[in-house]
Amino acid sequence: MSTLEIRGLKVSVDTEQGAIEILKGVDLTIKSGETHAIMGPNGSGKSTLAYSIAGHPKYTITGGTVTLDGADVLEMTVDERAKAGLFLAMQYPVEVPGVSVSNFLRTAATALRGEAPKLREWVGEVKSAMESLKMDASFAQRNVNEGFSGGEKKRHEIMQLELLKPKFAILDETDSGLDVDALRIVSEGVVRAKAANNHGILLITHYTRILKYIKPDFVHVFANGRIVEEGGPELADKLEANGYAEYVSA
Amino acid sequence: MTTLQSNILEKHTPTGREEAWRFTPLKRLGGMHDGTATPVLHNSLIAKSELPNGVTLSHTTIKSITETDDAIVNRIREFTDQGTLLQISADTEVSSPIFLGRTQGVLDKAEFARVLIKVGSHAKATVIIENTGDTHIAEDLEIQVGPGANLTFICLQEWGSQTIHAGRHHATVDRDASFKSIVVTVGGNLVRLLPTVDFIAPGASCDLSGVYFATAGQFFEHRMFVDHKVPHAKSRVNYKGALAGDKAHTVWIGDVFIRAAAEGTDTYELNRNLLLSDGARADSVPNLEIETGEIVGAGHASTTGRFDDEQLFYLMSRGINMEDARRLVVRGFFNEIVAEIGIEEIQNRIMTRIDEELAKAGN
């Protein structure tokens, strides 16, 4: 059982107009096997929360703590956070020209497992992950995210989730830009990975449609840089009916 | 007449004010440009494996196929008419690459080398020159690609750290012939190469690719010139470079001249540089001079940038440490061109050398 604990997290970004505070004190605790949905309007700071936990250099932590089983995540480099068990599925996965998916995945798996996976087993692992996400075998030879469609990028992210087996998965708007079929395939991948690894999930989304596939245990409404309301799955139904208007005007 | 490649010299000696010499540190040329070097005939270029049928290599009198105003080449031609001739007979298709190479040369003098590669009509071959060791060499290398012929010319500068290498690699490409050149420069103190092409009949094409990696104190210059003097020829230029370390300096010049007669020309040239540390300098100058509007296309692009933080973040967020992430990004950057070599052993060797250069540069 692992615990990811966020306490009073404050984050700012540097802009031409000076530092702007985006996260204004976020408190959240996620345990293994739990699925937490963070929902909120655009610009509320949801993605900033995801990237700050993963350690993106653009964001400056100005207050608060993030710990994973007591270890100080904020003190870790980006790769150390991944090794500690954090995984961020990005909304906009980055193209890495000239680096094949196959090479990238094996390098990442080697880094995270501390030794190169045995070739025969690894090939099988990758093949089965790709098949279950309905990805063509030629995918492995393409360059990372280069020329991928929106759907292919998201499948590639979830394939990594299945292969890299983190303790906590942060899914940043994984549903955005997906058609109904792709949403189902990607969501099934998330559910499958969780069933296999029992990791905790922080699911960031603007819309409720992905929650039909990935059932949250907890729903948090995010507005203006903090969590403004919390509840169970029923809160998502309320958001579906009423939207975010009451939180934005508040 | 074009202003590109203008090279008006007093007494055949560049001063550094000429367009063609303005980036080159003349003091580091070992006197090859101003007559102070002691020239020697060395014929250091040798076949590294048995030559296939239809291919011969000999040391003989060389008759130049083109004129040039390059100061060093003219000094070589004044000095000697002897050199190395590689002939590939007409209609010969050579399936495996022809490996040539140079190893240790001279350092107290300068080898003045002439090389002529003649590819007969409708012949097809790959010629690889592997340059290793330390030497001072001035090189006049001409390539005649006959009608309908297809030559891939791979030239690897894996020199030691003391080498000074100034060479003109000039190809004339005949009707419906295609010429592909891949230049790799990863070693040497100073390397100045002029990969240049004349299209002498319609339907010809060339593809000039290259990679270079300069670390502290190294100077690598690659100066293309593609002369579209006939209609319906196609040229592509794609060079990628990385620099790391104090006073690492690279120069890429891409001159393309589309003459009035060259209707239907299709040309595009590209140079990308990756600056991996402060104190390094990449000069990149594409020049396109166009005398006719009746063309298929003409374009160029040049970029010089640093590591993309987003790429590094993405890789590191998957547990890959900074050093490995940088290595992956640099390998990926060069892969597009290195993969074109098509010989795994060489590709691996070049990539390993690039890893070493990157490691030498430190993070």
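**A colleague's note on chains A and B**

1. Let me start with a residue that is easy to pass over: A:His199 is buried, at a relative accessible area of 1%, and since buried here means under 20%, that value falls within the cut-off. Please keep in mind that this is a predicted model. A:His199 sits in the loop that links α6 and β10 of chain A. Leaving aside residues up to four places away in sequence, its contacts include A:Ser32, A:Gly33 and A:Glu34, as well as A:Pro166, A:Lys167, A:Phe168 and A:Ala169. A:Leu161, A:Ala193 and A:Lys194 are also touched by A:His199.

2. Helix α6 of chain A leads into that loop, and its length works out nicely. The helix covers residues 180-197, and at 1.5 Å a residue its 18 residues should span 26 Å; the end C-alpha atoms are 26 Å apart, so the two values agree.

3. Both ends of α6(A) deserve a look. At the N-terminal end, A:Asp179 acts as the cap, with a side-chain oxygen 3.2 Å from the backbone nitrogen of A:Asp181. Just past the helix, A:Asn198 adopts a positive phi of about 55 degrees.

4. Which residues of α6(A) are buried? They are A:Ala182, A:Leu183, A:Ile185, A:Val186, A:Ser187, A:Gly189, A:Val190 and A:Ala193. The buried residues of this helix pack against two helices, α4 (119-132) and α5 (150-164), and two strands, β9 (168-172) and β10 (200-205), of chain A.

5. Now to the sheet. In chain A, six strands make an open sheet with mixed pairing, ordered β6-β9-β10-β3-β11-β12. Each of β6 (86-89) and β12 (226-231) of chain A has a single partner strand, so these two stand at the edges and one side of each lacks a neighbour in the sheet. On average, and ignoring direction, neighbouring strands here are turned by 20 degrees against each other.

6. At the β6 edge, β6(A) pairs with β9(A) in the parallel sense, over four bridges. There, A:Phe87 stands opposite A:Ala169 of β9(A); A:Ala169 is also one of the residues that A:His199 touches. Helix α5(A) lies across β6 and β9 of chain A and runs at about 165 degrees to β6(A).

7. Finally, the interface. Chain B contributes 16 residues to the contact and chain A contributes 33. Between them the chains bury about 1,900 Å², with 70% of it on carbon and sulfur atoms. On the chain B side, B:Phe313, B:Tyr314 and B:Arg318 supply 42% of the area that chain B buries against chain A, more than any other three residues.

Technical notes
Residues are numbered from 1 along each chain as its sequence is written. Chains are lettered from A and ligands numbered from 1 in the order in which they are written. This is a predicted model: local features need pLDDT of at least 70, side-chain atom pairs count only at pLDDT 80 or more; totals for chains, interfaces and linings use all residues. Side-chain values use heavy atoms; hydrogens and water are left out. The expected span of a helix is 1.5 Å times one less than its number of residues. Buried means under 20% relative accessible area, exposed over 50%, partly exposed in between (1.4 Å probe, protein chains only). Contact means heavy atoms within 4.5 Å. A polar contact is a pair of N or O atoms within 3.5 Å; within protein, one must be able to donate a hydrogen and the other to accept it, and residues adjacent in sequence count only if both atoms are side-chain atoms. Two strands pair if DSSP finds at least two bridges between them. Axes are lines fitted to C-alpha atoms, for helices over the stretch in contact, and angles run from 0 to 180 degrees between N-to-C directions. Buried area is the accessible area (1.4 Å probe) that two parts lose on being put together, summed over both.
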